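Me: Hi! I am new to reading protein models, and I would like to go through one with you step by step. Could you show it to me?
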2 protein chains.
Amino acid sequence: MSESSPSPGGPRRLRGVLAPVLTPFHPDLSVDARRLERHCRWLLAHGCAALAPFGTTSEANSLSVDERERLLDAIVEHGVPAERLLPGTGMCSLPDAVRLTRQAVRRGCAGALMLPPFYYKGVSDDGLFRFFAEVVERVGDDRLAIYLYHIPPIAQVGFSLKLVERLLHAYPRTVVGMKDSSGDFGNTTAMLDAFAGEGFHVFVGSERFLLGGMRAGGAGCISATANVNPGGIDRLFREWKSPDAERLQTELNAVRGAVEKVPVIPGLKAIMAHHAADPGWLPVRPPLVELAAAQREALVNDLATLKFAMPDVRG
Amino acid sequence: MSESSPSPGGPRRLRGVLAPVLTPFHPDLSVDARRLERHCRWLLAHGCAALAPFGTTSEANSLSVDERERLLDAIVEHGVPAERLLPGTGMCSLPDAVRLTRQAVRRGCAGALMLPPFYYKGVSDDGLFRFFAEVVERVGDDRLAIYLYHIPPIAQVGFSLKLVERLLHAYPRTVVGMKDSSGDFGNTTAMLDAFAGEGFHVFVGSERFLLGGMRAGGAGCISATANVNPGGIDRLFREWKSPDAERLQTELNAVRGAVEKVPVIPGLKAIMAHHAADPGWLPVRPPLVELAAAQREALVNDLATLKFAMPDVRG
């Protein structure tokens, strides 16, 4: 369910479960904006507090900059509320990052979830600080709220505690949170211990860490699996203080475990295709590849064993 | 010196020394096209057989797609011969890769030097094959010549022998060569042993491997350092069979070693700034950072000790 908390002098902040929205493609690999809009509405109706389109799970870096811009326009114009959108706008190039971030602000989005520039490896905190400082200065808009996207297993480049501290102190009203997809819960708690007191919101990058994250003062989770299991994850978000919480966490882990047996992005699209009875969900852009039929079948069977369901997803 | 060799049924191929051309920036970080054009002409006049703009050294991934497109147009329109250009056109996103590759073909460039899509890690050869197959089919032009850019230390994603074999056999007239920046000379010789007989041209990614590469049947080198030492590297390319070759290689290694003591891209810009007496060369885009004054001074002194010179670079 949607929640937000005012923070002193800053914008309203997101809390809860966010899906890094899958991007559907037509068989010719062009973007299927209609199917995307439908999926956005389904997610918001079934447990997502907000949506994070153009994330890793969205194959965002497999989209052109023009496509990303057009697609954000399209979903907002087709009624997905901008204040519930946290689009990915981090790019290797400063001008493209500024362009997409500016659009997110102009469109009234809740914030921008920013990867660091990820081509060069072993870059300094100085260089990364300078990159984000340039984005903030060039966008030049008080409405801008940046959530740092820390995903070193894929981007290789990440945000150290020292870098976050420096950004937070330079831009306290603008640098407002983080998605931690490091897979290292020790990093999540270190970020929370250091910065939650200043109103910095940390989302775990997998629901496996949701209960732990909430107990440590986290803001929720932004997780690939929220594309197919938004209600289940949201239930734990809402009930993390209940006696049932450990059991809910165990159930979430089982679903996640089934999905993680296969490459996650084509796996999630296979789940959508099966539950929506719509093979139009299957295409992925290269360098990803679709699951083989046998993999899809095994995945669907695994989930059936867990009594996994997706309400109202057909049509 | 410029050279090229006809190959059976294919386009003329590049050979010799290529510079991945540094991209100069104004103090506000906008691209300085005039300084770039001047540098291109200097490189072609002083030993480069051809130029590889939009490489790693060019900070290409720090440029927007629009900037890359405009900049290639600008250098060709200002008289840099397209048949001596091998622009980088590989992008994470298929549509952007197709767009830039199409432009390179339309402009009459000698070829396109293509990074693999590098955001997702651990992708399959199937997915990478499919990416390049889509580029070839979508560009759909017999003039297209693709050189694969293998730089796993930075891109993390690279080209296995099996993938090169598959691409070469599917598109023998289009997939014509490789830049090997793996830093692993064993990989270079493995590629040459496997594919040089089919006319596949392998460029070493550092002049440290130039003599070895030429002895093993290589086509030359595409090296960052060629931005400042094109004549020296070209001399070894031309004289690799001479009794002097080992000495020339040792001299090149000494210059390279001095440059590698500092971050290479700002280091090369500092060398340009010093020898051209033009501090306008210094800016880099974040996440890179300029060298500190003391680092620049040490670098210049190291090179002076080696009697390093850059003829005619002022003005």
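Me: Let us begin inside chain A. Which residue forms a salt bridge with A:Arg99?
Reply: Happy to help, and keep in mind that this is a predicted model. The closest N and O atoms of the pair are 2.6 Å apart, which is within the 4 Å that a salt bridge requires. The partner of A:Arg99 is A:Asp66.

Me: How many residues apart in sequence are the parts that this pair ties together?
Reply: Start with where each residue sits: A:Arg99 belongs to helix 3 (residues 94-106) of chain A, while A:Asp66 belongs to helix 2 (residues 65-77). The pair therefore ties together parts of the chain whose separation in sequence is 33 residues.

Me: Now to the two chains together. Which residue of chain B forms a salt bridge with A:Asp66?
Reply: A:Asp66 turns up again here, this time in a bridge that reaches over to chain B. The closest N and O atoms are 3.5 Å apart, and the count between chain B and chain A is two salt bridges. The residue of chain B that pairs with A:Asp66 is B:Arg99.

Me: Which helix of chain B gives the largest share of the side that touches chain A?
Reply: Across this interface there are 16 residue pairs in polar contact. On the side of chain B, helix 2 (65-77), helix 3 (94-106), helix 4 (125-139) and helix 5 (152-155) each supply at least two residues. The largest share is seven residues, and it comes from helix 4.

Me: What is the area buried between chain B and chain A?
Reply: Contact involves 46 residues of chain B and 46 residues of chain A. Carbon and sulfur atoms give 62% of the buried area. In chain B, the residues that lose the most area to chain A are B:Tyr119, B:Tyr120 and B:Pro287, together 23% of what that side buries. The area buried between the chains is about 3,500 Å².

Me: What kind of axis relates the two chains?
Reply: Chain B can be laid on chain A by a turn of 180° and a shift of 0.0 Å along the axis, with an RMSD of 0.0 Å. The same surface serves both copies, as 100% of the contact residues of chain B recur in chain A. A turn of this kind is the relation of a two-fold axis.

Me: B:Pro287 was in that list, so let us look at its backbone. Is the peptide bond from B:Pro286 to B:Pro287 cis or trans?
Reply: B:Pro287 is found in the loop between helix 11 (264-275) and helix 12 (293-305) of chain B. Most peptide bonds are trans. Here omega is near 20°, and the bond from B:Pro286 to B:Pro287 is cis.

Me: Is the phi of A:Asp312 positive or negative?
Reply: A:Asp312 is placed in the segment after helix 12 of chain A. Most residues other than glycine have a negative phi. A:Asp312 is not a glycine, yet its phi, about 60°, is positive.

Me: Last one: over which residues of chain A does pLDDT stay under 50?
Reply: For chain A the mean pLDDT is 95, and 96% of its residues reach 70 or more. The predictor gives the complex an ipTM of 0.95 and a pTM of 0.96. Where pLDDT is low, the predicted coordinates should not be read in detail. In chain A, the stretch where pLDDT stays under 50 is residues 1-11.

Technical notes:
Residues are numbered from 1 along each chain as its sequence is written. Chains are lettered from A and ligands numbered from 1 in the order in which they are written. This is a predicted model: local features need pLDDT of at least 70, side-chain atom pairs count only at pLDDT 80 or more; totals for chains, interfaces and linings use all residues. Side-chain values use heavy atoms; hydrogens and water are left out. Contact means heavy atoms within 4.5 Å. Buried area is the accessible area (1.4 Å probe) that two parts lose on being put together, summed over both. A salt bridge is a side-chain nitrogen of Lys or Arg within 4 Å of a carboxyl oxygen of Asp or Glu. A polar contact is a pair of N or O atoms within 3.5 Å; within protein, one must be able to donate a hydrogen and the other to accept it, and residues adjacent in sequence count only if both atoms are side-chain atoms. Helices (H or I, at least four residues) and strands (E, at least two) are DSSP runs, numbered from the N terminus. Copies are superposed by least squares on the C-alpha atoms of residues with pLDDT of at least 70 in both. pLDDT is the predictor's confidence in each residue, from 0 to 100.
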